Amino acid sequence: MIFYFSGTGNTQWVARQLAEATGEKLYYIPDELRKGELSYTMATDERLGFCFPTHGWQPPRIVREFIRRARFEAATYVYAVTTCGDNMGHAMRILNKELANKGLQAQSVFAVLMPESNVCFPFLHLDTKEREREKIAQARERVAHISELVVNRQRGVEELIRGAIPYTYTYVIGGYYNKHLISDDKLWVDADACIQCGLCAKLCPVGDIEGLPPHWKHDGSCTNCLACYHHCPRHAIHWGTMKRGQYVFKENA
């Protein structure tokens with residue numbers, strides 16, 4: 001079983017490659033949360049994998065919520081893969097704390113560098129198209145390597161990109177980000193540019209968008225994945241007042 005979450009498609013791409021390599025089923029975390037009954041029993045030879053993007057140097061809130069609510073039986077090999085635009089700080093440390101509450105531990109953990117998608121910090125910028133292509137080419141080799149280790153159930157592997165000051169990234173900057181910026185308060189739509197296609201509402205993993213032109217419910221459910229922002233075909237959705245670009249994963253871009 002592979003449980004994944006993805007906003008712009010980076011992590012979905014990684015998870016799909018892992019599923020192909022292992023022959024194991026993919027589960028999209030938002031879909032699972034909507035089901036309500038979150039009980040999973042592993043087959044004797046089945047692996048348990050978690051794939052998620054790093055959000056503010058921490059696992060996304062929706063991933064942590066899923067682990068807290070789910071029950072996993074007979075899991076003998078557990079691994080986790082995170083995608084990040086630059087580095088991921090101590091995101092895996094936080095993930096393993098959540099898993100420990102379920103009597104589990106990710107025995108091998110990995111990070112995959114992917115094109116940047118965070119537009120919420122003024123000091124973060126999307127990659128150039130050339131850099132996007134470079135990262136995806138490198139990630140293709142990286143995921144093939146990870147897949148081989150996972151297929152062989154390698155334990156004790158830590159191949160992470162923590163950065164120069166991981167504690168500060170995760171618990172100081174990331175702490176502020178996850179406390180104050182995981183919100184739909186700064187998302188807004190340019191009604192003149194909006195073509196009312198409804199794609200943003202369809203893609204929202206938590207059902208936080210409704211109406212045409214769309215508006216956000218402001219009910220605390222937003223997980224700040226920015227799927228609405230990046231997938232908008234007319235770039236009619238904005239975050240704050242900064243003019244930033246869009247990114248959606250395209251393997252052959």
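How many disulfides does the structure hold? The count is 0. Keep in mind, by the way, that this is a predicted model.

Let me stay with the cysteines for a minute. Take Cys194: the nearest cysteine sulfur belongs to Cys232, and that one is 6.6 Å away, so Cys194 is in no disulfide, given a cut-off of 2.5 Å between sulfurs. Cys194 is buried, and its relative accessible area is 18%. Then there's Cys228. Here the closest cysteine sulfur sits in Cys200, and because the two sulfurs are 6.6 Å apart, they are too far for a bond. Cys228 is buried as well, at 9% relative accessible area.

Okay, on to the sheet. We have an open sheet of 6 strands, and if you walk across it you go S2-S1-S4-S6-S7-S8, with parallel pairing. Which strands stand at the edges? Those are S2 and S8, the latter covering 158–159, and each has a single partner strand, so one side of each is left without a neighbour in the sheet. Further in, S4, residues 48–53, pairs with S6 in the parallel sense, and that pairing runs over 6 bridges. If you'd like one bridge to click on, Pro53 has Thr83 in S6 as its bridge partner.

Now the aromatics. By the ring-centre rule we get 18 aromatic pairs. One I'd pull up on screen is Phe5 with Tyr28, which is stacked, with 6.5 Å from centre to centre and 15° between the planes. Phe5 lies in the loop between S1 (2–4) and H1, while Tyr28 is in S2 (residues 26–28), so this pair ties together parts that are 23 residues apart in sequence. And are these two buried or exposed? Phe5 is buried, with a relative accessible area of 0%, and Tyr28 is buried too, with 19%. There's also a cluster to look at: ring pairs link Phe3, Tyr27, Tyr40, Phe50, Phe66 and Phe72.

Last topic, pockets. The largest pocket has about 420 Å³ of space in it. Its lining takes in 29 residues, and the ones nearest the centre are Thr54, Gly85, Glu116, Ser117 and Asn118. As for elements giving two or more residues to that lining, they are helix H1 (10–22), strand S6 (78–84) and helix H6 (166–181). So S6, the strand that pairs with S4, turns up here again. H6 supplies the largest share, 3 residues. What's the chemical make-up of the lining? It divides into 12 nonpolar, 15 polar and 2 charged residues.

The second largest pocket comes in at about 330 Å³. This one is lined by 19 residues, and nearest its centre you find Ser6, Gly7, Gln12, Tyr28 and Leu203. Yes, that's the Tyr28 from the stacked pair with Phe5. The elements giving two or more residues to this lining are H1, helix H2 (29–35), helix H7 (199–203) and helix H8 (227–231). Which of them gives the most? That would be H1, with 3 residues. The lining of this second pocket splits into 9 nonpolar, 6 polar and 4 charged.

One last link before I hand over. H1 is on the list for the largest pocket and on the list for the second largest. That's my tour.

Key:
Residues are numbered from 1 along each chain as its sequence is written. This is a predicted model: local features need pLDDT of at least 70, side-chain atom pairs count only at pLDDT 80 or more; totals for chains, interfaces and linings use all residues. Side-chain values use heavy atoms; hydrogens and water are left out. Buried means under 20% relative accessible area, exposed over 50%, partly exposed in between (1.4 Å probe, protein chains only). On a 1 Å grid over the protein atoms alone, a cavity is a set of points where a 1.4 Å probe fits but cannot get out, and a pocket is an open set with protein on both sides within 12 Å along at least five of seven lines; lining residues have an atom within 4 Å of a point. Grid points are joined across faces, edges and corners, and a volume is the space filled by probe spheres set on the points. Helices (H or I, at least four residues) and strands (E, at least two) are DSSP runs, numbered from the N terminus. Ala, Val, Leu, Ile, Met, Phe, Trp, Tyr, Cys and Pro count as nonpolar, Asp, Glu, Lys and Arg as charged, and the others, Gly among them, as polar. Rings of Phe, Tyr and Trp (its six-membered ring) pair if their centres lie within 6.5 Å; planes under 30 degrees apart count as stacked, over 60 as edge-to-face and the rest as tilted. Two strands pair if DSSP finds at least two bridges between them.
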